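Hi,

Here is the structure I promised to pass on. Have a look at it first, and then read my notes below.

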Amino acid sequence: MLLASAAVGALARRGADRSVLRMAGTMLLGEAIIYAIGVPYLALSLDLSTSAAIAAGLTPFLLGDALKAALAMGATPTAWKFVNKQR
């Protein structure tokens, strides 16, 4: 998660959190990094096959992560618009 937060934070510093479309790409990248590291780690640490690791460490979380990302994609750019109006 450290790598994902560093990547997402770097993109946010460059303005990727100011629009819904750019925020979608940023959130997708963050999730992809988490799963790309987490699922193989799960497979290695529990001695699971790739399909078992995907079934245990990816599939159950996709819907919840998609919902959280959708909320963030809408809320963050909206919050920035609100903050900018206050200045």
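First off, this is a predicted model. The chain has 4 helices and 0 strands, so reading along the sequence you get α-α-α-α. As for overall shape, the radius of gyration comes out at 16 Å, well over the 12 Å that the globule rule gives for 87 residues, so the chain is more spread out than a compact globule. Along the principal axes, the C-alpha atoms fill a box of roughly 55 × 25 × 15 Å.

Now for the inside. Of the 87 residues, 24% count as buried. The largest nonpolar core has 5 residues: Met23, Met27, Ala69, Ala72 and Met73. Two elements give two or more residues each to this core, helix 2 (20-46) and helix 4 (62-86), and helix 4 provides the largest share with 3 residues. Ala72 is worth clicking on: leaving aside neighbours within four places in sequence, Ala72 is in contact with Met23, Met27 and Pro77. Two of those partners, Met23 and Met27, are also listed in the core.

On contacts across the whole chain, take those with a separation of 6 or more: 54% of them join residues 24 or more positions apart.

Last, the surface and the charges. The chain exposes about 6100 Å², and carbon and sulfur atoms supply 72% of that area. There are 8 positive and 4 negative side chains. The centres of the two sets lie 20 Å apart.

Cheers

Key:
Residues numbered from 1 in each chain as written. Predicted model: local features only at pLDDT ≥ 70, side-chain atom pairs only at ≥ 80, totals over all residues. Heavy atoms only, no water. Core = buried A, V, L, I, M, F, W, Y, C linked by side-chain atoms within 4.5 Å. Buried < 20%, exposed > 50% of the residue type's maximum accessible area, 1.4 Å probe, protein only. Contact = heavy atoms within 4.5 Å. Rg over C-alpha atoms; globule rule 2.2 N^0.38 Å. Areas by Shrake-Rupley, 256 points an atom, 1.4 Å probe, with all protein chains shown as cover. Lys, Arg positive; Asp, Glu negative; His and termini not counted. Charge placed at Lys NZ, Arg CZ, Asp CG, Glu CD.
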